[in-house]
Amino acid sequence: MSRYDTYFLMKCEDVGDYVQTKYPGHFAPDAKLTAKEIGDGNLNYVFRVVEEASGKSVIVKQAGEALRISADMHVSTDRNRIESEILQLQDKYAPGLVPKIYGYDTVMCACCMEDLSDHELMRYALMRHEIFPQFAEDITTYMVNTLLKTTDVAMEHKEKKALVKSFINPELCEITEDLVLTEPYNDNQGRNNVYPPMADFVKKELYGDEELALAVAKLKFEFMNNAQALLHGDLHTGSIFVKKDSTRVFDPEFAFYGPMGYDIGNVIANLIFAWDNGRAYGAEAFCQWILKTIEETVDLFCKKFVACFDECVTDRMAKTPGFREAYLASILSDTAAYTGTELHRRTVGMANVKDVTTIKDEAARVHAEKVNILAGKDYILHRESFKTGADFVAAVLRADEAAK
Ligand code: SR1
Ligand code: MG
């Protein structure tokens, strides 16, 4: 019997003993360990456990029964199992681009993983207007390898269906179906966070646009029914650690089989939030780098996708001339549309982003929010016309002009 045979939510003072009990050998038996809670997300508790003498450290991430963002929201703690298993799988598809998992504990709903404290959270680094020249290269390698290689194009179909079954993630998907693909367009739960000076604009442009509502209704059912690839499911800049020469994607607890444009679109939208912040504070060189990174992310994705498709395609019909191009075009159209939904939900929904909410000057924040809403509508309503990185950048610049 150990005190970890029954689930409880750990505090800092429990975690050192927990690691010594569950992962004997990781630290010396008499190691003096200290733990600090460093979680920054909306859902879980993240502890960094350090042995002061050697500087050796690990991360323990535990799922609470209630979510951090709201004590009223309860989601299965199984999300932590999904996260651990996905990271182990992704380490095979995209080695060096995710943290190493040391183990997962089904009772405490906690996983133990590599400490990436030599990296930093991308969102905060971008809010300081730092640039990461390696990012587009790394994130496109990550996305092509984790997405295309888990599709029916590349995988034996029964194996792929077994993965679909194993990573069915109904509760976390429901959060996305509500917070991303419903509430930004009608506030039906009354829990949207709308910046007061934006209230009329949001009412007209988001709640009052029937053409937009129909387009998003179609996207919602595509999200729920297109089991195309094993997604990360929440690929924003708070799910990415960076340093100048390294990128690591973590926190895939929203993972499930869905349309791969959802992941790609999340990356692009979150780069636009960084651009919003840079523009508000006059960081011109940074903004140029962001636009170049958006362009490269789309174009490198396409280039690597084509190469990877030819290497890993196994399905006989997927080898039909013209299929690869049609498949990629549909992914780009989905990418544009889900860039739009992420732009909208982070601007008016329940879970906002600090890149925008910390803009102090009211006029600058209003401008940023209008850009997000207008560009988002452009991406959704004209999704078929987004074919290159330059097309994605042009929509940001169009919205910037229109919002003036
Ligand atoms: C209730 S959870 C709110 C948001 O936080 C997560 O990171 C997801 O993005 C989710 O939509
Ligand atoms: Mg998260």
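1. In this predicted model, ligand 1 is surrounded by 13 residues. Those that come nearest to the ligand are Asn-42, Leu-43, Asp-234, Arg-345 and Arg-346.

2. Several of these residues place polar side-chain atoms beside ligand 1. In Asn-42, a polar side-chain atom lies 2.7 Å from an oxygen atom of the ligand. For Arg-345, an N or O atom of the side chain is 2.9 Å from a ligand oxygen atom. Arg-346 likewise has a polar side-chain atom 3.0 Å from an oxygen atom of ligand 1. Each of these pairs counts as a polar contact, because the cut-off for such a pair of N or O atoms is 3.5 Å.

3. How much of ligand 1 does the protein bury? Taken alone, the ligand exposes 320 Å², and the protein buries 96% of that area.

4. The location of the ligand should also be noted. Ligand 1 takes up the space of the largest pocket.

5. The composition of the shell around ligand 1 is as follows: 8 residues are nonpolar, 2 are polar and 3 are charged.

6. Which helices each supply at least two residues of the shell around ligand 1? They are helix 6, spanning 170-179, and helix 11, spanning 323-348.

7. At the level of domains, both domain 1 (3-114) and domain 2 (120-403) contribute to the shell around ligand 1. At least three shell residues are drawn from each of them.

Technical notes
Residues numbered from 1 in each chain as written. Chains lettered and ligands numbered in written order. Predicted model: local features only at pLDDT ≥ 70, side-chain atom pairs only at ≥ 80, totals over all residues. Heavy atoms only, no water. Near = heavy atom within 4 Å. Polar contact = N/O pair within 3.5 Å; in protein donor to acceptor, adjacent residues only side chain to side chain. Areas by Shrake-Rupley, 256 points an atom, 1.4 Å probe, with all protein chains shown as cover. 1 Å grid on protein atoms, 1.4 Å probe; cavity = no way out; pocket = protein on both sides within 12 Å on 5 of 7 lines; lining within 4 Å. Sits in = over half its atoms within 2 Å of the grid points. Helix = DSSP H or I, 4+ residues; strand = E, 2+ residues; numbered from the N terminus. Nonpolar A, V, L, I, M, F, W, Y, C, P; charged D, E, K, R; others polar. Domains from an automatic or database assignment.
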